[in-house]
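Good morning, and thank you for coming. Please look at the sequence and the structure on the screen, and I shall then take you through several parts of the model in turn.

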Amino acid sequence: MPEIAQALQHIQQQIRAAALRFQREPAEIHLLAVSKTRPAADILSAYQAGQRDFGENYLQEALSKIQALQDYPALVWHFIGALQSNKTRAIAENFAWLHSLDDLNHARRLNRQRPEHLPALNICIQVNVSAEPQKAGISLEELPAFATAVAEMPRLRLRGLMTLPAPAEDFAAQCVPLRALHEAYQQLQAQGFALDTLSMGMTDDLDAAIAEGSTMLRVGTGIFGARLS
Ligand SMILES: *Cc1c(COP(=O)(O)O)cnc(C)c1O
């Protein structure tokens, strides 16, 4: 079996084991394969092993892979990298999901620029749960008003929350920011937001993320191996 297919199988097994251990339904935990720096051929290998959702961080690199793989319409492209105003149009036109929304001006641009022939752009709001300075994401305090504004934009479909916590020492420390995001997610649901996506957990904190309620794991090195630069 090719290496990437094997790695995917291994990650799927890890997800199932963690789901069992933390009494989660495996079917509600989705896997996003983070393919930044990897060539289109690697994406195709993962696709042939059954993977459909791919996450990219760098716009130009992503656009060339989307172009190269346009004969595979079942691929679902997620933008998970830093967002700037000059990128919103290409994201609105080429991606199904955006996980890193943290600016209402960007939201308004995406809402205006999303092409009519495509369904609304799926959105996760990026939250800086531990309020680390210099880090992307809005604060937990800003979240309710921000979510309300995004939910009113017809060409955006607010699906949930995303976080990218600082690396932590051990399992218990990994859980802290993930639990805070889960609580914020549940509070929004209680306020009536129809959210179904909690985008958290990467190769190194996969088990903690499953323990804390993740519904979408973003895994790069665990599938594709060490990053190429
Ligand atoms: C690179 C990246 C990942 C994947 O990280 P790995 O440690 O390789 O699994 C997940 N989310 C974001 C936002 C990333 O930039």
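A90 is found in helix 4, which covers residues 88-94. Please bear in mind throughout that this is a predicted model. Is A90 buried or exposed? Its relative accessible area is 18%, and buried means under 20%, so A90 counts as buried. Leaving aside residues up to four places away in sequence, A90 touches L59, L63 and F95. Between A90 and F79 there are 11 Å in space, C-alpha to C-alpha, and the two are 11 residues apart in sequence.

Let us turn to L178. This residue belongs to helix 7, residues 171-190. L178 has 0% relative accessibility and therefore counts as buried. Which residues does L178 touch, not counting residues up to four places away in sequence? They are T163, P165, M200, D205, A208, A209 and E212. L178 and R89, by contrast, are 31 Å apart in space, C-alpha to C-alpha, with their positions 89 residues apart in sequence.

I come next to the nonpolar cores. In soluble globular proteins, nonpolar side chains tend to be buried together. In this model, the largest nonpolar core has 61 residues. Those that touch the most other members are L101, L110, I125, L161, L217 and I223. I223 is a useful example: with residues up to four places away in sequence not counted, I223 touches I4, A7, L8, I11, L31 and A33. There is also a second, separate core of 7 residues, and among its members are L32, W97, M162 and M216.

The next topic is the pockets. How many residues line the largest pocket? Its lining is made up of 20 residues, and L164, M202, T203, R218 and R227 are the ones nearest its centre. The volume of the largest pocket is about 420 Å³. Sorted by class, its lining has 10 nonpolar, 5 polar and 5 charged residues.

The second largest pocket holds about 350 Å³ of space. Of the 18 residues that line this second pocket, P73, L75, W77, N94 and A96 lie nearest its centre. Two elements give two or more residues to this lining, namely strand 3 (76-79) and strand 6 (156-162). By class, the lining of the second largest pocket has 12 nonpolar, 3 polar and 3 charged residues.

Finally, I turn to the aromatic pairs. The count comes to 4 aromatic pairs, and I shall describe two of them.

The pair of Y47 and Y72 is edge-to-face, at 5.2 Å centre to centre and with 70° between the planes. Why does this pair tie together parts that are 25 residues apart in sequence? The reason is that Y47 lies in helix 2 (residues 40-48), whereas Y72 lies in the loop between helix 3 (59-68) and strand 3. Y47 counts as buried at 17% relative accessibility, while Y72, at 27%, counts as partly exposed.

The other pair is formed by F54 and W77. Their ring centres are 6.2 Å apart and their planes are at 45°, so the pair is tilted. F54 is in strand 2 (residues 53-56) and W77 is in strand 3, so this pair ties together parts that are 23 residues apart in sequence. Both F54 and W77 are buried. W77 has already appeared in this talk, as one of the residues nearest the centre of the second largest pocket.

Thank you for your attention.

Key
Residues are numbered from 1 along each chain as its sequence is written. This is a predicted model: local features need pLDDT of at least 70, side-chain atom pairs count only at pLDDT 80 or more; totals for chains, interfaces and linings use all residues. Side-chain values use heavy atoms; hydrogens and water are left out. A nonpolar core is a set of buried Ala, Val, Leu, Ile, Met, Phe, Trp, Tyr and Cys residues joined through side-chain atoms within 4.5 Å. Buried means under 20% relative accessible area, exposed over 50%, partly exposed in between (1.4 Å probe, protein chains only). Contact means heavy atoms within 4.5 Å. On a 1 Å grid over the protein atoms alone, a cavity is a set of points where a 1.4 Å probe fits but cannot get out, and a pocket is an open set with protein on both sides within 12 Å along at least five of seven lines; lining residues have an atom within 4 Å of a point. Grid points are joined across faces, edges and corners, and a volume is the space filled by probe spheres set on the points. Ala, Val, Leu, Ile, Met, Phe, Trp, Tyr, Cys and Pro count as nonpolar, Asp, Glu, Lys and Arg as charged, and the others, Gly among them, as polar. Helices (H or I, at least four residues) and strands (E, at least two) are DSSP runs, numbered from the N terminus. Rings of Phe, Tyr and Trp (its six-membered ring) pair if their centres lie within 6.5 Å; planes under 30 degrees apart count as stacked, over 60 as edge-to-face and the rest as tilted.
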